[in-house]
Amino acid sequence: MDSIDRVGARRAAEDLVPIHDLIVVGASAGGVEALATLVAGLPSDLPAAVCVVVHMRPFAESHLADVIDRVAALPAVTAEHGMRLRPGAIHVAVPDHHLLVERDGDAAVLRLTRGPRENRNRPAVDPLFRSAALAFGPRVIGVVLSGALDDGTAGMWTVKDRGGIVVAQDPSDALVPSMPRSVIEEVGADHVAPAGELGPLLGRLAREAAPPAPPPQEQQDELAREVGMALVDETAHLREARYGVPSRFACPDCGGVLWDLSGDGPLRFRCETGHAYSAASLDEGQIEGIEHALWAALRAMEDKAALARRRADRATMLGHPYAAERFVAQEEAAQQHGAALRALLRLDGSARIPPAAATESAD
């Protein structure tokens, strides 16, 4: 073999080395601005496909792909069910559907599904990250941008567990720093940078050789099952064998038992029907449930006081003073209980700290 043939063979072998050819990006509150800045910095010859999930209202009309297309050197497309993943293109999730990546032989396709909500969102960041880790393993680069609570942390833990790269927006650069900060603290980011530096960084990382895929683990089957639940796969939903351990917590969406799936990773829970929660989103759901219960109790107490007042008036009109006195006492007791419930409702449910106005009125 002459020198030219050897050079050609070496280049061919280099071309076969897998690179980081899938970039998955998740954002929530304040994330559109960061996303626009990120994609504006991506190189026009990016060898990786990009998938984007931004939490959005389920029935809103989304123009996010158009917004990205105006600022990016790469084409942005609205994701469609069954669409083949295109290197050098940005695939954008649509409202009320999870965006997942799935292997189809040597190719990869997108799946849109109205599977159970995760962290009360659909589309949600974590199902995309989880499906990418299952399908692409160490070839994945996960990116978390601005957003509230700890969405994306569980999915990023899976990306890192399967050998992928974890990238987070610098929390000091994010409009809402909770999501990237949670990833940094719970998972450990490989790279942290402001949004303006993420595009060039991803361009460099995408061209780096990916490490070999880790050997199959016991968790791989559970990962496939979780992806299957997001796809509303009957086999995944109806399997009798459980995973995780039952917790004492109830699902805020359907009331079913939540199973603790934390293992060695971040705290997270999933119910039998598939609704999934991080610790922060479960806490938020519990606070809302408590508030609903308190408002319902307050309404019942006010109704009880109003009924007791009418019964007292009627007893007085009919000349039954002892009965009227008893009903007046019931009215006063219901009013006192109602006042106690209103005091609880004035509390900040997340911090358990009463606002200044509530404190002053209590004095």
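Is Val101 buried or exposed? At 3% relative accessibility, Val101 counts as buried. The legends below return to this residue. They describe a predicted model.

**Figure 1. The whole chain holds twelve helices and 13 strands.** Of its 363 residues, 45% count as buried. The chain exposes about 18200 Å². Carbon and sulfur atoms supply 54% of that area. Among contacts with a separation of 6 or more, 67% join residues 24 or more positions apart.

**Figure 2. The largest nonpolar core has 33 residues.** Ile90 and Val143 have the most contacts inside this core. Several elements give two or more residues to it. The strands are S1 (22–27), S2 (49–54), S4 (90–92), S7 (140–144) and S8 (165–169). The helices are H2 (31–40), H3 (64–71) and H7 (195–207). H7 supplies the largest share, six residues. Apart from this core lies another, of 31 residues. Ala49, Ala93, Ala132 and Val159 are among the members of that other core.

**Figure 3. Ile90 and its contacts, sequence neighbours within four places left aside.** Ile90 is in contact with Val39 and Leu42. It also meets Val50 and Val52. Further contacts of Ile90 are Ile68, Ala72, Leu74, Pro75, Ala76 and Val77. Ile90 is one of the two residues with the most contacts inside the largest nonpolar core.

**Figure 4. Val101 in strand S5.** The residue is buried, at 3% relative accessibility. Ser131 is 30 residues away along the chain, yet the two C-alpha atoms are separated by 5.5 Å. Ser131 is also in contact with Val101. Other partners of Val101, beyond four places in sequence, include Leu22, Cys51 and Leu85. Ala108, Val109 and Leu110 touch Val101 as well. So do Leu128, Ala135 and Phe136.

**Figure 5. Helices H4 and H5, side by side in contact.** How closely do the axes of H4 and H5 come, and at what angle do they cross? The axes come within 7 Å and cross at roughly 10°. H4 is therefore roughly parallel to H5, since angles under 35 degrees count as roughly parallel. From H4 (125–136), the residues in the contact are Asp126, Phe129, Arg130 and Ala133. From H5 (153–161), they are Thr153, Ala154, Gly155, Met156, Thr158 and Val159. By class, this contact has five nonpolar, three polar and two charged residues. Val159 also belongs to the core of 31 residues.

**Figure 6. Leu223 in helix H8.** H8 covers residues 218–230. Leu223 has 7% relative accessibility and counts as buried. Which residues does Leu223 touch, not counting those up to four places away in sequence? They are Arg130, Leu134, Thr158 and Arg162. Arg130 of H4 and Thr158 of H5 also take part in the contact between those two helices. Leu223 and Thr158 are 65 residues apart in sequence. Their C-alpha atoms are 8.5 Å apart in space.

**Figure 7. A cis peptide bond joins Arg122 and Pro123.** Omega of this bond is about 10°. Pro123 lies in the loop between strand S6 (107–113) and helix H4 (125–136).

**Figure 8. Asp96 and Leu149, two residues with positive phi.** Asp96 is not a glycine, but its phi is about 65°. It lies in the loop between S4 and strand S5 (98–104). Where does Leu149 sit? It is found in the loop between S7 and helix H5. Phi of Leu149 is near 60°, again positive in a residue other than glycine. The two residues fall in separate accessibility classes. Asp96 counts as buried because its relative accessibility is 6%, under the 20% cut-off. Leu149 is partly exposed, with a relative accessible area of 29%.

**Figure 9. Tyr322 in helix H11.** H11 covers residues 321–345. Tyr322 has 69% relative accessibility, so it counts as exposed. The threshold for that class is over 50%. Ala312 is ten residues from Tyr322 in sequence. From C-alpha to C-alpha, Tyr322 and Ala312 are 9.6 Å apart in space.

Notes. Residues numbered from 1 in each chain as written. Predicted model: local features only at pLDDT ≥ 70, side-chain atom pairs only at ≥ 80, totals over all residues. Heavy atoms only, no water. Core = buried A, V, L, I, M, F, W, Y, C linked by side-chain atoms within 4.5 Å. Buried < 20%, exposed > 50% of the residue type's maximum accessible area, 1.4 Å probe, protein only. Helix = DSSP H or I, 4+ residues; strand = E, 2+ residues; numbered from the N terminus. Contact = heavy atoms within 4.5 Å. Areas by Shrake-Rupley, 256 points an atom, 1.4 Å probe, with all protein chains shown as cover. Axes fitted to C-alpha atoms, helices over the stretch in contact; angles between N-to-C directions. Parallel < 35°, antiparallel > 145°, perpendicular 65-115°, else oblique. Nonpolar A, V, L, I, M, F, W, Y, C, P; charged D, E, K, R; others polar.
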